[in-house]
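Please walk through the fold of this chain, beginning with one strand pairing and working outward to the sheet, the helices on it and a buried loop residue.

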Amino acid sequence: MFPRRGPVFAALTVALCACQPQSADDGRSDAARNFPVADRPVSKAAQDLFASEVQRDSVNEATVVMDLANIEPGMSVADIGAGEGYYTVRLAERVGAKGRVLAEDINPAATERLGSRVMREGLENVSIKVGTAENPNLPANSFDRIFMVHMYHEVSEPYAFLWRLRPALRPGGKVIVVDVDRPTDMHGIPPALLFCELASVGFRLTEFVRKPELQGYYAQFEAVGARPAPENITPCRVSGDTQAD
């Protein structure tokens, strides 16, 4: 059993997916083709901000998430899907001058705007990097926490992405996902499907919390066991009741 705050889960049905082999002209990149196809729709990248920073701060969203993740001065953290930098700048303040924040996004325009913000606000402990749909491009053994906030449902190659993300964790490091419990083509992901996808590449759920400040839920994972070979990853989907009591 994992430690958790909040509700008890209802029964869930997890089905393994019998996916067909992919052809050479399937449109997937070479970096993804050795990995299973996600058996779910993927949300398009949001054109608008999830919510204004003023609105998010009015309910202390970032503070709640950082407290749940036990972010402390001196930590090294990654903000994946950093966008306009809502979490980046607040993480930078929390970890302090001796800590580090790496902000990553697959949108070069977003990283350029974030770079301007980082320079304008003098955040010397922040670095910025461009990732891809199948690779966050994180340095190995570098992070105490990796955040994916309201963005995981936009990851089109979750198995390749998570497989390449895992080595970036330090011993004892955690992956933090904040998302909404709704279908993946509606800018959310049912928790049971999230748990299944991360488990397929060797992550174990350690905490799950629903809070109104998050407009969704907080899920925390740690890496366990050996990372599976790409060809041994079995994709999954969740059917039945995916709601918690």
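In this predicted model, E207 stands opposite Q220 of strand 8. One place further along, F208 has A219 in strand 8 as its bridge partner. Both pairs belong to the ladder between strand 7, residues 203-211, and strand 8, residues 216-223, which runs antiparallel over 8 bridges. Strands of a sheet pair through backbone hydrogen bonds, in either a parallel or an antiparallel sense. The hairpin formed by strand 7 and strand 8 has 4 residues between the strands, and there Q215 takes a positive phi near 50 degrees.

The hairpin is part of a wider arrangement. An open sheet is formed by 7 strands in the order 4-3-2-5-6-8-7, with mixed pairing. Its edge strands are strand 4 (126-130) and strand 7, each of which pairs on one side only. From one strand to the next, the twist averages 20 degrees.

Helix 6 packs on this sheet and touches strand 6, strand 7 and strand 8. The direction of helix 6 makes about 15 degrees with that of strand 8. How many of the 9 residues of helix 6 are buried? The count is 8, so helix 6 (residues 191-199) is largely enclosed by the rest of the structure. The buried residues are P191, A192, L193, L194, F195, C196, E197 and L198. Among them is a charged residue type, E197.

A second helix also meets the sheet. Helix 2, residues 61-68, lies across strand 5 (143-149), strand 6 (169-179), strand 7 and strand 8. Relative to strand 7, helix 2 runs at about 145 degrees.

The last stop is a residue outside the helices and strands. S43 lies in the loop between strand 1 (13-16) and helix 1 (53-58). Is S43 buried or exposed? S43 counts as buried because its relative accessibility is 4%, and the cut-off for buried is under 20%. Which residues does S43 contact, leaving aside its neighbours within four places in sequence? They are H153, E154, T184, D185, M186, H187 and G188. The C-alpha atom of S43 is also separated by 8.1 Å from that of V155, although S43 and V155 are 112 residues apart along the chain.

Note on methods. Residues are numbered from 1 along each chain as its sequence is written. This is a predicted model: local features need pLDDT of at least 70, side-chain atom pairs count only at pLDDT 80 or more; totals for chains, interfaces and linings use all residues. Side-chain values use heavy atoms; hydrogens and water are left out. Helices (H or I, at least four residues) and strands (E, at least two) are DSSP runs, numbered from the N terminus. Buried means under 20% relative accessible area, exposed over 50%, partly exposed in between (1.4 Å probe, protein chains only). Contact means heavy atoms within 4.5 Å. Two strands pair if DSSP finds at least two bridges between them. Axes are lines fitted to C-alpha atoms, for helices over the stretch in contact, and angles run from 0 to 180 degrees between N-to-C directions.
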